[in-house]
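Visitor: Could you take me through one part of this model slowly, strand by strand, and then show me what sits against it? I'd like the details, not just the outline.

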Amino acid sequence: MEFFHDKESSVSIAELKLTQDKPVIVVNKQGLIVFVNDTFEKVFGWEADEINGKTITTIIPQNFHDAHHLGFSRFQSTEKSTILNHPLQLKAIKKSGEIFSAEHTIQAEKIDGEWLFGATIVPLKE
Amino acid sequence: MANGYLARRLYRLRNDMREKDTELIQELRATLSKMELSLGAIDDCIIWIDDEGVIQWCNEKLSTLLGRTNIEILGQPIQNLVHLKISNQPINWTELIHNATSRNRSLFYKFEEGANIKYLEVLIRNFQQVDQEKKFIIVLHDATDNYFNQARLKDANEDLQYVNEELAKSAYLKSKLAAIIEFTDDAIIGETLEGKIESWNNGAELLYGYKAEEVIGQSTNFLYPPNKKAEFTDALEQLKTGKNLKIFDTERLHKNGFIVPVSVIMSPIRNRGLVVGFCSIARDITELKEMMNLKNEFISTVSHELRTPLTSIQGSFDLLVDGVAGELPEDAQELLKIGKTNTERLIRLINDILDIQKIESGKMEFHPEPTNIGDLIRESLLTNQGYADQFNVKIKFVQKGNGIVNVDRDKILQVLANLISNAAKFSTGDEIKVFLYKLEDTVRVEVTNQGAGIPKEFESRIFQKFSQAKGATNKVMRGTGLGLSISKEIIEKHHGIIGFKSEENKQTTFYFELPIYKNLELEESINYAQPF
């Protein structure tokens with residue numbers, strides 16, 4: 001198992017899945033959503049069954065799709081990223097279409113040769 | 001069973017399709033990754049925005065330019081992030097985006113973030129994918145070097161324009177000068193260092209009869225009559241050293257074979273301090289010469305005609321003063337003396353004029369013979385002491401050397417008489433001194449008196465004809481004003497020099513030097529030091 005986050009705040013994605021105090025989402029190497037926690041369901045308005053299998057762009061506003069695709073693609077071939085493991089202020093979109101600002105912390109982990117991405121997305125109070 | 005089979009088939013099919021999708025996605029991701037890396041590697045900033053200017057993606061160059069991370073840039077309106085100025089006015093991104101159709105690279109936009117100043121060219125392209133919102137691609141090209149090069153180019157252009165204007169000015173001046181040279185009556189010839197003709201004006205064509213095309217490139221030698229050939233080489237030699245030739249009268253040969261009397265001045269032409277050629281200006285003095293000859297002939301005739309009766313008058317006065325016609329009353333004697341003195345003066349004047357005429361017309365004959373200059377001076381002192389006595393002046397001879405000179409005795413005596421009588425007349429002391437020195441290859445004679453000296457403003461004219469210093473006009477012993485002029489001609493005919501040095505209100509020394517013909521024996525030349 002290979003971790004891709006800094007050691008101090010290191011929690012594995014398996015541990016991340018147990019987190020309940022903030023929305024958590026896990027995406028596979030193809031960018032498909034494989035897990036959301038209960039808090040995520042409450043915040044984003046999606047049922048886990050509904051959203052699992054959709055691409056991550058489902059919760060990314062249209063404006064950021066290009067950046068996401070390019071960045072995500074680049075990471076897969078270079079395995080280098082500037083956005084991992086530190087809080088990022090990014091927009092997110094709810095099932096209702098409402099766009100809101102949130103603090104994203106994204107981490108990546110290689111399990112059996114396949115990348116898995118986990119993120120916490122905490123809405124910012126405006 | 002059948003349903004179970006179908007379900008398995010369906011499941012497998014879906015799995016196959018999913019795998020195919022995944023493969024495709026992976027391939028596309030690989031391609032996208034290459035593109036992203038490529039766009040990150042170029043020098044320009046590439047920005048994708050929507051129609052409101054919100055940045056949807058940018059390459060790493062923009063992060064570098066703005067000093068912000070990708071995440072800080074994404075989602076921000078370009079209006080808030082990229083501040084450009086044109087002609088000191090902030091650019092209006094909204095308008096720029098709105099009008100984005102074609103390339104707009106000719107303008108320089110100033111980008112300023114602290115000390116980081118760049119000049120950017122901005123290119124905005126609008127593109128719209130099927131069923132998608134309008135989007136724009138912006139390319140910011142760093143053209144700072146280009147901008148400064150253009151500025152430098154502009155400066156260089158201005159310099160060039162200035163140089164061109166100056167050139168035009170100097171071309172105008174040149175053509176003006178050329179016109180002056182072309183249309184003057186004087187013959188102006190430009191020559192190379194070797195004396196080859198480079199330019200030949202209209203005046204030269206008129207004076208010498210040759211067209212410019214006949215003579216350009218030739219030596220000017222053909223203009224010199226056989227007896228003046230030496231002038232050519234002498235002039236070249238002197239001009240090469242950078243010296244001007246003083247104006248002189250000479251002769252040149254016309255194309256048709258006749259002699260043209262000319263007055264010539266020649267000067268070196270310099271380029272950056274180096275003599276590169278010569279210029280000679282010649283003026284036709286045929287008419288002037290004819291007039292001079294007429295004048296001289298007239299003066300000569302008149303003088304001769306005057307001298308004969310004047311000699312008779314002088315003789316008559318002499319006889320009357322000597323009392324041949326009996327004792328005369330004192331009043332009458334006084335009047336006769338005045339008449340006699342003035343007659344003598346007139347005769348001197350006429351003799352001087354005739355001398356000058358003879359010298360100028362080349363008719364004065366010289367009969368040189370080897371002469372001991374010391375002895376000649378002694379002889380002169382004997383004859384002139386009487387004249388000096390009138391002014392209560394003693395003549396003292398200080399001999400410091402001697403030599404044999406080849407001279408016309410009478411002419412040199414005339415010079416000595418002139419210098420001594422002048423010294424006596426204008427002396428304020430009671431003696432005048434005559435010095436004789438032997439120099440390297442000349443003897444030098446000096447005549448010195450104490451007196452008012454020669455006024456500075458008169459110095460340059462002192463050897464000219466009919467010149468006398470203003471102060472002299474009041475004096476009874478006024479001369480003809482020709483003496484020094486005659487003396488100069490005589491000394492120069494003997495290849496000597498004549499001159500003076502004067503300390504105003506103190507003393508004046510006139511001197512001349514004559515070339516030594518033969519050295520005297522040593523013992524003879526050193527045994528003099530006694531006053532006369």
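Guide: Let's start at a turn: Glu113(B) has Asn116(B), in E6(B), as its bridge partner. The names come from DSSP runs counted from the N terminus, with helices being H or I stretches of at least four residues and strands being E stretches of at least two. Keep in mind that this is a predicted model, where local features need pLDDT of at least 70 and side-chain atom pairs count only at pLDDT 80 or more, while totals for chains, interfaces and linings use all residues. As for bookkeeping, residues are numbered from 1 along each chain as its sequence is written, chains are lettered from A and ligands numbered from 1 in the order in which they are written, and side-chain values use heavy atoms, with hydrogens and water left out.

Back to the turn. E5(B) and E6(B) make a hairpin with two residues between them, and Gly114(B) in that turn has a positive phi of about 65 degrees. E5(B) and E6(B), the latter covering residues 116-128, run antiparallel and share five bridges; two strands are called paired if DSSP finds at least two bridges between them. Further along, Lys110(B) sits opposite Tyr119(B) of E6(B).

What does E5(B) pair with besides E6(B)? Strand E3 of chain B (residues 84-86) is antiparallel to E5(B), residues 109-113, over two bridges. Here Leu84(B) faces Phe111(B) of E5(B). As a general point, strands of a sheet pair through backbone hydrogen bonds, either parallel or antiparallel.

Now zoom out. These strands belong to an open, antiparallel sheet of seven in chain B, ordered E2-E1-E7-E6-E5-E3-E4. E2 and strand E4 (89-90) of chain B are the edge strands, each pairing on one side only.

Next, what lies across it. Helix H6 of chain B (residues 144-183) crosses E6 and E7 of chain B, at about 115 degrees to E6(B). Axes here are lines fitted to C-alpha atoms, for helices over the stretch in contact, and angles run from 0 to 180 degrees between N-to-C directions. Contact itself means heavy atoms within 4.5 Å. The other chain joins in too: helix H4 of chain A (residues 65-78) lies across E1, E2 and strand E7 (134-142) of chain B, running at about 25 degrees to E2(B).

That brings us to the chain contact, which takes 19 residues from chain A and 17 residues from chain B. The size of an interface is often given as the accessible area lost when the parts come together. Between chain B and chain A the buried area is about 1,800 Å², with 57% of it from carbon and sulfur atoms (accessible area, by a 1.4 Å probe, that two parts lose on being put together, summed over both). Of what chain B buries against chain A, 33% comes from Arg29(B), Gln56(B) and Ile71(B), more than any other three residues supply. Ile71(B) also turns up among the residues that Leu90(A) touches, once those up to four places away in sequence are left out; Phe100(A) and His104(A) are among the others. Leu90(A) is in strand E4 of chain A, residues 88-93.

Which charged pairs link the chains? Three salt bridges are counted between chain B and chain A, the rule being a side-chain nitrogen of Lys or Arg within 4 Å of a carboxyl oxygen of Asp or Glu. Arg74(A) pairs with Glu60(B), their closest N and O atoms 3.2 Å apart. Arg74(A) also forms a salt bridge with Glu36(B), at 3.2 Å from N to O. Arg74(A) is in helix H4 of chain A and Glu36(B) in helix H1 of chain B, so this pair joins two chains.

Finally, seven residue pairs, both at pLDDT 80 or more, are in polar contact between chain B and chain A. Helix H1 (2-41), strand E1 (45-50) and strand E2 (55-58) of chain B each give at least two residues to the side that touches chain A. H1(B) gives the most to that side of chain B, seven residues.

(A polar contact is a pair of N or O atoms within 3.5 Å; within protein, one must be able to donate a hydrogen and the other to accept it, and residues adjacent in sequence count only if both atoms are side-chain atoms.)
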